[in-house]
Amino acid sequence: MFENIDFIENATNVYRTKNYIVKQTINIESHTQLDNIIISQDTYYTRTKARDKQFNKLFADKLNKNGKRLHSSSNTRKYVK
């Protein structure tokens with residue numbers, strides 16, 4: 001069911017905005033002297049009819065159809081058309 005769906009591969013969380021489907025990959029950085037932090041590597045996929053169809057099928061049973069962003073201490077962004 002999840003084969004060839006770019007925005008779900010290795011995702012911790014997936015949500016949708018007006019223009020993008022966003023994949024979050026969350027990592028925890030532990031330090032012995034500094035504070036621990038939560039880092040989100042975000043990939044923003046431009047919404048297309050095909051991606052929206054996949055998203056709707058994957059998350060059909062969710063009450064909040066678009067999902068929600070998980071908060072993090074820091075994040076990086078990458079955009080995919």
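**View 1. Gln-24 and its side-chain partners in the predicted model.** Here the side chain of Gln-24 sits 2.8 Å from the side chain of Asn-13, making a polar contact. This is a predicted model, so keep that in mind for every view that follows. The same Gln-24 side chain also reaches the backbone nitrogen of Leu-70, at 2.9 Å. Gln-24 belongs to strand E2, and with a relative accessible area of 0% this glutamine is buried. Once neighbours within four places in sequence are set aside, the residues in contact with Gln-24 are Ala-11, Thr-12, Asn-13, Tyr-15, Ser-40, Gln-41, Asp-42, Arg-69 and Leu-70.

**View 2. The open sheet, strand by strand.** Four strands line up in the order E1-E2-E3-E4, with mixed pairing, and the sheet they form is open. Strand E1 (13-16) and strand E4 (74-80) each have a single partner strand and stand at the edges, so one side of each has no neighbour in the sheet. From one strand to the next, the twist averages 20 degrees. If you trace the protein chain along the sequence, the pattern reads β-β-β-α-β, built from one helix and four strands.

**View 3. The E2-E3 pairing.** Zooming in on two of the strands, E2 (residues 20-29) and E3 (residues 37-46) run antiparallel and are joined by ten bridges. To pick out one position, look at Thr-25: its bridge partner in E3 is Gln-41. Gln-41 also turns up among the contacts of Gln-24.

**View 4. Helix H1 lying across the sheet.** H1 covers residues 49-58 and lies across E1, E2, E3 and E4, running at about 120 degrees to E1. Which residues of H1 are buried? They are Arg-51, Asp-52, Phe-55 and Leu-58. Looking down the axis of H1, these buried residues fall within an arc of 130 degrees, so they line one face of the helix. They pack against E1, E2, E3 and E4. The other side of H1 carries the exposed residues Lys-49, Ala-50, Lys-53 and Lys-57.

**View 5. Phe-7 meets Phe-55.** The model has five aromatic pairs in total. In this one, the ring centres of Phe-7 and Phe-55 are 6.2 Å apart and the planes are at 40 degrees, so the pair counts as tilted. The two rings link distant parts of the chain: Phe-7 comes from the segment before E1 and Phe-55 from helix H1, 48 residues apart. Phe-7 is buried, at 0% relative accessible area, and Phe-55 is buried too, at 1%. Together with Phe-59, they form one aromatic cluster.

**View 6. Tyr-20 and Tyr-44, edge to face.** A pair of aromatic rings is described by how far apart the centres are and by the angle of the planes. For Tyr-20 and Tyr-44 the centres are 5.5 Å apart and the planes are at 85 degrees, so the pair is edge-to-face. Tyr-20 lies in strand E2 and Tyr-44 in strand E3, so the pair ties together parts 24 residues apart in sequence. Are the two tyrosines buried or exposed? Tyr-20 counts as partly exposed, with 27% relative accessibility, while Tyr-44 counts as buried at 7%.

**View 7. Ser-73, in the loop between H1 and E4.** This close-up moves to the loop between H1 and E4, where Ser-73 is found. Why does Ser-73 count as exposed? Its relative accessibility is 52%, and the cut-off for exposed is over 50%. The C-alpha atoms of Ser-73 and Ile-38 are separated by 5.1 Å, although the two residues are 35 residues apart along the chain. Beyond the neighbours within four places in sequence, Ser-73 is in contact with Ile-37 and Ile-38.

**View 8. Stepping back to the chain.** The C-alpha trace of the protein chain spans about 45 × 25 × 25 Å along its principal axes. Of the 81 residues in the protein chain, 27% are buried. Among contacts with a separation of 6 or more, 60% come from residues 24 or more positions apart.

Notes. Residues numbered from 1 in each chain as written. Predicted model: local features only at pLDDT ≥ 70, side-chain atom pairs only at ≥ 80, totals over all residues. Heavy atoms only, no water. Pairing = 2+ DSSP bridges. Axes fitted to C-alpha atoms, helices over the stretch in contact; angles between N-to-C directions. Contact = heavy atoms within 4.5 Å. Buried < 20%, exposed > 50% of the residue type's maximum accessible area, 1.4 Å probe, protein only. Polar contact = N/O pair within 3.5 Å; in protein donor to acceptor, adjacent residues only side chain to side chain. Arc of directions from axis to C-beta. Phe/Tyr/Trp six-rings, centres within 6.5 Å; stacked < 30°, edge-to-face > 60°.
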